[in-house]
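Visitor: Please take a close look at one part of this model, namely how its aromatic rings are arranged, and then carry the account outward to the helices and loops of the chain. I would like the geometry to be given with the reasoning behind each term.

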Amino acid sequence: MVIHPAFKTGPRAQYSGGRSPETRLEEACGLARAIDLNVAAGEVVRVGDPKPNTLMGMGNVERIAALIEAEEIGLVVFDAALTPVQQRNLETEWKVKVIDRTGLILEIFGERARTREGQMQVELAALSYQRSRLVRSWTHLERQRGGFGFIGGPGESQIEMDRRLIDERIVRIKKDLDDVKRTRALHRQARKRVPYPVVALVGYTNAGKSTLFNRLTKASVMAADLLFATLDPTMRRVGLPSGREIILSDTVGFISDLPTELVAAFRATLEEVLEADVIFHVRDVAHPETDGQKADVEAVLAGLGIGHEVTDAMFEVLNKTDLLEAAERDALAAQAARDPRLRPISALTGEGLDALLAAIDTRLSAQRQTVTYPLRHEDGAAMAWLYAHGEVLERKDDDERTEITVRLAPEDIQRFERQFEHAQKSEGERR
């Protein structure tokens, strides 16, 4: 059974992402189905005055207890954060296992993580969550282990020992993840030396990021109509219409009320977004709550330190246009014509993808500088390098030299002039 508490008062009543409680309940049911749970019942429970012991009033607790018994339910998923005391009391009242939203998402992440890095990140998030559950969660933790003979106190309690073991494991995982972070930083430096611009895909879970990734890269990353279908970040090379190549990076999907433990644990992975040259915010434009999902993604990006100067410049890829009515598609196309950051596409059918790649070309070209180099005819290697790494705008040949006007990224200009020192720019040609 999945329960979504709709708070009437208090701080939690203020945040709903602009969505109805029924929509939030359906999303929670989708999360439960994502790990093959059979959802026998789902209900929105109105909570006027949150109780410290059970969150909801005893009337609702008793009514749901009867429903649990009648439907033979074995697990209750609470689509909200529960304190350890509330979780224990509800399990006692209902005589079934109870998990909250954070616990459910951790279960999904634990099942989906494939790489060693992803598994470490999930374990770190799970241990941070579990540590907060030790206080008064289970009565067996009150047992104590005696000291030596008659010296000293009663010894280390079970709860203290468990907390110490968790803390030691957290320290080890954080150390390993620091190594991962350094490795990622080295990889980013290597890409800058090549260099390939990085285009990162971000978006709400199930917005179609992996389908778009597969379509553009001809890869076979798992893509399904499922919340959190893929977790581990993937990077592939993609050719643009101009001949330039980019690295496309697919990241983990976001969700409303994403547990803080997960944001902290996946920070090393999400730092790829911080270093991206272009960010695609992939949106499910056919979803009835697409604006609320957009707000949730921007909230997570803000938590990563990505400010408005970045979010205002990134592309909004309006995916799943094939699910819209003709009138809605026309309205969306008219809106995109007024705002070049909006890119309506269908990753499933391929509609709009050519225009999307051309837009990346245009954006990256705007970051380049135009330079003119006079080259001797025997400077074939330098000429080939410019054709391979830049966009040749003009070429003039005479008896003495070849003059090439090319658009290059600033770092490519430095690389070219270091590698081919004899190739000097014409005075005043660089703009």
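Guide: Helices here are DSSP runs of H or I with at least four residues, strands are runs of E with at least two, and both are numbered from the N terminus. On that basis the chain, which is a predicted model, has 16 helices and 13 strands. Of its 431 residues, 48% count as buried, and among the contacts with a separation of 6 or more, 68% are accounted for by residues 24 or more positions apart.

The rings come first. A pair of aromatic rings is described by the distance of the centres and the angle of the planes. Rings whose centres lie within 6.5 Å are taken as a pair, and the count by this rule comes to 5 aromatic pairs. One of them joins phenylalanine 280 to phenylalanine 315, with 5.6 Å from centre to centre and 75° between the planes; planes over 60 degrees apart count as edge-to-face, so this pair receives that name. Phenylalanine 280 belongs to strand β8 (residues 278-284) and phenylalanine 315 to strand β9 (residues 315-319), so the pair ties together parts that are 35 residues apart in sequence. Phenylalanine 280 has a relative accessible area of 0% and is buried, while phenylalanine 315, at 4% relative accessibility, counts as buried as well.

Another pair is formed by tyrosine 373 and phenylalanine 416, whose ring centres are 4.6 Å apart and whose planes make an angle of 55°. Stacked pairs have planes under 30 degrees apart and edge-to-face pairs over 60, so this pair falls in the remaining class and is called tilted. Here too distant parts of the chain are linked, since tyrosine 373 sits in strand β11 (residues 369-376) and phenylalanine 416 in helix α16 (residues 410-419), 43 residues apart. Tyrosine 373 is buried, with a relative accessible area of 0%, and the relative accessible area of phenylalanine 416, which is buried too, is given as 0%. Ring pairs join these two residues with Trp385 and Phe420 in a cluster.

Phenylalanine 315 has a further partner, because arginine 363 lies over the face of its ring, at 4.4 Å from the ring centre, which meets the limit of 6 Å for a charge over a ring. Threonine 362 is found in helix α14 (residues 353-366) and, at 55% relative accessibility, counts as exposed. The C-alpha atom of threonine 362 is separated by 9.6 Å from that of serine 242, although the two residues are 120 apart along the chain.

From the rings the account moves to helix packing. Helix α5 (residues 101-112) packs with α6 at an angle of about 155°, the axes being 10 Å apart; angles over 145 degrees count as roughly antiparallel, and α5 and α6 are therefore described in that way. Their crossing is left-handed, and the contact is made by Thr102, Gly103, Leu106, Phe109 and Gly110 of α5 with Val122, Ala125, Ala126 and Tyr129 of α6. Helix α2 (residues 21-33) also meets α5, with axes that come within 9 Å and cross at roughly 40°, an angle for which the two helices are therefore called oblique to each other. This crossing is likewise left-handed, and on the side of α2 the contact involves Glu27, Ala28, Leu31 and Ala32, whereas α5 contributes Arg101, Leu104, Ile105 and Ile108.

Helix α4 (residues 84-94) has Pro84, Gln86, Gln87, Asn89, Leu90 and Trp94 as its buried residues. Their cover includes α6 (116-133) and α3 (58-71), together with the strands β1 (2-7), β3 (75-78) and β4 (97-100). Just after α4, lysine 95 takes a positive phi of about 60°.

Positive phi values also occur in loops. Leucine 55, a residue other than glycine, has a phi near 70° and is placed in the loop between β2 (42-47) and α3; at 1% relative accessibility leucine 55 counts as buried. Asparagine 206 has a positive phi near 70° as well and lies in the loop between β5 (198-203) and α8 (209-217), where, at 23% relative accessibility, asparagine 206 counts as partly exposed.

Key. Residues numbered from 1 in each chain as written. Predicted model: local features only at pLDDT ≥ 70, side-chain atom pairs only at ≥ 80, totals over all residues. Heavy atoms only, no water. Buried < 20%, exposed > 50% of the residue type's maximum accessible area, 1.4 Å probe, protein only. Contact = heavy atoms within 4.5 Å. Phe/Tyr/Trp six-rings, centres within 6.5 Å; stacked < 30°, edge-to-face > 60°. Lys NZ or Arg CZ within 6 Å of the ring centre and 35° of its normal. Axes fitted to C-alpha atoms, helices over the stretch in contact; angles between N-to-C directions. Parallel < 35°, antiparallel > 145°, perpendicular 65-115°, else oblique. Left-handed = near helix turned anticlockwise from the far one by under 90°.
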